[in-house]
Structure formats: C-alpha cells, structure tokens
Amino acid sequence: MGDESKKVTDTMYNVEASELLSNEAQNLPITEAASIYEKLVSTFPTSAKYWKQYVEAYMAVKNDEAVKQIFSRCLLSCLHINLWRSYINFIRKVNEKKGSEGLEETRKAFDFMLNQVGFDIASGPVWMEYIAFLKSMPATSPQEESQRMTSVRKVYQRAILIPTNNLDQLWRDYEIFENSVSRTLAKGLLSEYQPKFNSAKAVYRERKKLIDDIDWSMLAVPPTGSSKEEVQCMAWKRLLAFEKGNPQRIDAAMANRRVNFTYEQCLMYLYNYPEMWYDYAMWQSKSSPSDASIKTFQRALKALPDSNILKYAYAELEESRGSALSAKKIYESLLDDNKTATSLAHIQFLRFLRRTEGSESARKYFVEAHKSPTCTYHVFVAFAMMAFCVDKDPKVAQSVFETGLKRFMKEPAYILEYADFLCKLNDDRNVRALFERALSLLPPEDSVEVWKRFVQFERTYGDLSSMLKVEQRRKEALSKAKLDEGSSSALENDLYDVVSRYSFLDLWPCSSKDLDHLSRQEWLANVGDKRAAEKPSLSNVGGALDGSTIGLSTTNPNQLLPSTRVALPDISRMVVYDPRQSKGPEFPGASNFNIPNLGGVTGSTNSTETDECLKLCSPSLQAFIINLPPVEGLVPDVDVVLSILLQSSIPASRAASTSNQPAANPASSMNQNGATYRPGKRKDLERQDEDDVSRVQSRPLPKDVFRLRQMQKTRGATSSTQTGSAASGGSILSGDQSVSSN
C-alpha cells in the first residue's frame, strides 16, 4: 500500500480516500487486496461498486467458495442491477456443465434475481436474457414443450408490465412469440395486454424523469448538509412519493413490492439518514401487518447504533403493538451505562413505566435514578409534575421539588419551574419565600430571569406597595451588576415600568408608535456611543421592557408589533454621498440640462443622436425636458421622474371643452403631434392634416401592425376630414384625443 493511501485511510467516510484505495486494490493480487476491500465494504456496506470489484477479484482467480460467501453478504442489501448481473453470470458459469440439474439451478437463480431487482428501470436486459434462457431449454416431449411455452409466456407478461428501458423491445418480442405459437390465441392475449403495456409505457416516461435526477455513483456517507446531498435526498423522496401513488393502478400487493424495492434502493445511498429508515419502517407498519417494520428498525439500529431518536421510535412502535417487554428492553439499552445515560432517557423511561406498569413502578425507578451522577434538575421536574398532574398528589410533587431544591438551588430554570408549581397551588406565601431564598444565593448575573418572574408575580398577584418595592430592588440589584439587560440608565426611566405594569398578553397601555419610540430610546440608552451605529434589536431592550412580562418576547410573530418586524438597514455600511464622485454625463440636446438616460440611450454624449431623440418628442415634451432642473450624480430613479411628470403641467396647454361643443371664443388648439391650428375653412383644415401626415411619414415607422393599418386608413381619409373631427381627432400613432384649449 502506498504512502499516500496510508495517510487517507485513517479518515472514515472520506470519498476521495476510498476511491484511491479502490483503484489501488484493483492493481494488487487478491491476497493483498482483500484487506483493502474489507475495509471499504465495512465503511460503505451498501456500495455495490466496491462489492462488485471485491467479488470479481475472487472470480478472476476462480475461488468459488469465496465468491459465494461474498454474494451471501451483499446481495440482499445491495439491489443494484450490475451487482446482480455479476451474480447471475457466476451462477450460469458454475452450472454450465451440470446438465439438467444445472439448468434448473440457473432457472431458480433467475427467478430469485428478478424477484429482487426485476422492478429496476434497467432490468430490461435481464428479463430478455431470462426469456432467451427459457427458450433454449431442451424439450424432449410435447408436454415439456407446452410447459416451456407457458413459462416463456408468463415471463413475457410479467416483463411488459414493468416500466423499464427495454419495454418496447419486450413488447415486440412478445408479439412475435404469441404469433409464432398461435395467431388465434395471440389476437386475444395481445388485445388484453395492450392497454396494460400502454399504461406501463406512460409510467416509464414519468419514472425516468425522476430517476435521471439520482446520482447512482453516490456513496452512503453521513449527512453533512451539502447542497448535493440535499438534492439527492429530495430526489429520492420524489421518487418514493411517485411510487406510493401507484400511478400504474396495479394491484396493492404488486404496488407495495415496488415501493419496498424503491426504499431498499434508497437506503443504499441514504444509509446514514435516520429519517429514511423511520419513513420506511412507518410505511411498512401501515401497509402490512407483518413484522417487516420491526426488522427494518433492527437494521436501522445496526446501521446507526448511536441514533437515540431511532431507539425511541422503535420503542414507541413496540409499545403501540402491545409488546411492552420488547419496548422496555429498548429503553433499558438507553440506560445500560448509568454514567452516560442522559436525563432525557431517565424521563422517557419514567413515563413509559407509568404508562405500562403504573405510578408505583415509576416512583421506584425515580428513587434510583435521582442518585445517578447524570441526573439533572429536569428529572426532578418531570417526576414532580407527573405526580401532580397524573396522580393528583400535590404533596408528593412538592416533596420532590423540595428535595431537588437542595441540589439545584443555583439553577434559575429549576427555581422558575418550582415557582410555577407553587402558583398552581395558589401558595403565594411560599412563592415569595422561594424567590427570596433563590435571590439571596444566586449571583447577580444569573438572577435576571428570576427577578423578572418575581416582578411579574407581584404585578399579577401583589398589591401596589409590594410591586413597587420589588421593582426597586430589582433595579438596584441589576444596576450594580452593570448588565446589558437592565442597565442603570435604562432602569431609571419609570415610563417603562408603567408599560410593563399595565400590559396584559397582547394588550398595551399605549399605541404601537409610542411603544416603538420607547423601545428605540431604551436601546440608545443601553448601547451607548460605542454601539450607536449598530442595528437596533428588540432583544436589547427586553430587560427594561420585561418582554417576558408584557409580551415582547413571545415566540408568536403575530403577537409582535408591526414596527418590530420592520427590517432596518445596516447603517454601519453607509457611505457619505458626494455627487462629485459620480457625475452623470451631460445631455447636450438642451441648455442647462443634464440627463443620464434618454429614449433608451444610456449615457449618450453624441449630439446628433440626442437631437434625433428630441425630434421624436412633441414640442410640449421638448419644452418640459428643457425646463427640468439640472441633475448631477447618480442616475435618477425612474419612479421619481414619473412622479414629476404626473405633477407637472405641460406648457401652452389648458383644459379644453369637448370637440363636439362650439367654442365661444375660438383659440389655438394643439394636438399630440404639436400642430397648432385655428378652426376655420375646410382648405386650412386639409392643409393642416397634410402637414400632420407628412410629419408622421418622416418618423420611423412603428412596429405595431395595428398602428400601421391605422396610419394607412388615416392617409386615405385625409381629404374627407371635417372640422369637428379635426378639432377632436387624436394622434395618428396613438389614437388618443388631442388636448385642445378654448
């Protein structure tokens, strides 16, 4: 083994190292390569590639016993078509010279193989190979010939119902086979199986799209959160959902076999994903009443022995099936080592014993468990609340809390749980005594939450004097510690105390604007000058506003004020704006006017192009552009420009009466093409229309076919235009009414 290989073999699940070892093993004799292959298949037990290389290395030296042993270890856990084809080739070679006995063994091997991997989308060649093998079997009598034809027909009828890559070829071969046997019988059989074949073909097209998204060369490594792994996981889930939907509408037993096969293939690549094992076991428990789900959980725990979540799920399944003893063994496996058993394992076992054996059994176990060095305050809280809520025994529950108080007096979370319990008992005297005892022992930095709860308790159940007294004590204690939550500068503001006192759940004594203003002011008071440029966060003012008391710290985002959900900019990245740093290009088409973009020509500095752009505009728009103030710096916002357009009045334009009403004082009118005229004689109107048409003809033709036709109609109707229509007629290009003035 090379030096480079030795360096990388120490890292488990190293894909690059595994490939390097695999390539090196292929160049070594099997006696030396065996240890490498064993290491590879022990690390990746579902890698069909490494198993295939391993078994073919022994096949090359004709060590049939070693080959059989390797196949017995890997075949059922690696449902990969290439590995199974190596298996069938080995079986055919071994039984080649054994006569009829060897043919029967080969036939059984084919049946076994197709029952395992016959649903694979790439299994078409195997079906064809099996059919060819059956046709080649000798038949010495008409009865044997009939049996052979019947066997071939059954295999064909199975194969054409499976969506595989060679489905069309299998159907053509089946048609030829049936017609060669009996045309009369073939007509009925083919008409019966034609719809089934069409259904399989339609499913194949959908199935292939999903299978093409799967990376069949992927090794089964533990999840690392990489994008590739997530993509593959989702691809497998889509394929599983597709198969569970039974798109081919086959019978339930066959559909379940396909789903089972897909799960087995999925676990070849997602072998270290607990969610896939759990999903597989739960599907089996619902689809069949057998013990398949139990076996799947056992396989899962063998693959992932450190997965506690799978153990809990397995114990839950056993308990739901009525196997309390089996479930108890699983819980005991979590508690085998008393030094490493977690508090969660103790709690879940307590609950299991209470459900299955009664409260007395749970109490006995608690007496033993609370002596464990790994037992935390969580176990005391869990058992005490079990006694209080389930057994309805508050005395036992309080006794457990008092026992735990001797060990966990300096645990703020335990103090709060005990206080909640006493509040449920309406024992306000002991609640105050508990808070006083805890606050006398807790260091200031650990007492923030206890102070909050104490203040909340007094605000809810105490009188005004006790409430004010506790609030003042809290201010003094926290200001001395100089904590970020509840600094002295913030706690001196009594208005926050008023907000806290007179709030309830999501009800506030002030408006959201006022509360938002108070929050910002409190944040500024807390962070000081050093953190003034940071983004304000509501969590910084939680100490002053008592978020846990008045609702600011709720986990429900719907209960937060709208102002607290606004995404504020990161002003630490702000740069001072200076127009001189980025001066926009000047627009030479008008005096005293700078424009960065006109008519789609960005940053144009060509005077000729600018003049052409201005010529396309009407005189009123030209006047508007010329009157715009100078703009320097960055490119203006389009929305701002549009708002200016909407708010500005076009020069030389006034409100006009409708064209069909006679004007009392005839005045000049102007349409959208910029033509000014007076209502007068017919010749003047015709001359004016001709000017409009000539101006339109000098412009680039629009690309809109409708407008081109409109222009042609307008040209043809120019000579017949009347005074009223000329006064009210719109632009030839736009069809809108002109703006006229009286």
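Helices here are DSSP runs of H or I with at least four residues, and strands are E runs of at least two, both numbered from the N terminus. By that count, Asn 426 sits in the loop between helix 22 (412-424) and helix 23 (428-441).

Some ground rules before going on. This is a predicted model, where local features need pLDDT of at least 70 and side-chain atom pairs count only at pLDDT 80 or more, while totals for chains, interfaces and linings use all residues. Residues are numbered from 1 along each chain as its sequence is written, and side-chain values use heavy atoms, with hydrogens and water left out.

**Two loop residues with positive phi**

Most residues other than glycine have a negative phi. Asn 426 has a positive one, near 60 degrees, and Lys 62 also has a positive phi near 60 degrees. Lys 62 lies in the loop between helix 4 (48-60) and helix 5 (64-74). As for accessibility, buried means under 20% relative accessible area, exposed means over 50%, and partly exposed is in between (1.4 Å probe, protein chains only). The table puts these two loop residues beside two helix residues.

| Residue | Place | Relative accessible area |
|---|---|---|
| Lys 62 | loop between helix 4 and helix 5 | 64%, exposed |
| Asn 426 | loop between helix 22 and helix 23 | 68%, exposed |
| Val 455 | helix 24 (residues 448-461) | 2%, buried |
| Glu 318 | helix 16 (residues 308-320) | 5%, buried |

**The buried pair**

Glu 318 is a charged residue that is buried in this model. Who does Glu 318 touch, leaving aside neighbours within four places in sequence? Taking contact as heavy atoms within 4.5 Å, the partners are Ile 294, Ser 323, Ser 326, Ala 327 and Ile 330. As for Val 455, its C-alpha atom is 8.9 Å from that of Leu 468, which is 13 residues away along the chain.

**Helix 14 against helix 15**

Helix 14 (residues 274-287) and helix 15 (residues 292-303) have axes that come within 8 Å and cross at roughly 170 degrees. The axes are lines fitted to C-alpha atoms over the stretch in contact, with angles from 0 to 180 degrees between N-to-C directions. Angles under 35 degrees count as roughly parallel, over 145 as roughly antiparallel, 65 to 115 as roughly perpendicular and the rest as oblique, so these two helices are roughly antiparallel. On the helix 14 side, the contact includes Trp 277, Tyr 278 and Met 282; on the helix 15 side, Phe 297 and Arg 299 are among the residues involved. By class, the contact has nine nonpolar, four polar and one charged residues. Here Ala, Val, Leu, Ile, Met, Phe, Trp, Tyr, Cys and Pro count as nonpolar, Asp, Glu, Lys and Arg as charged, and the others, Gly among them, as polar.
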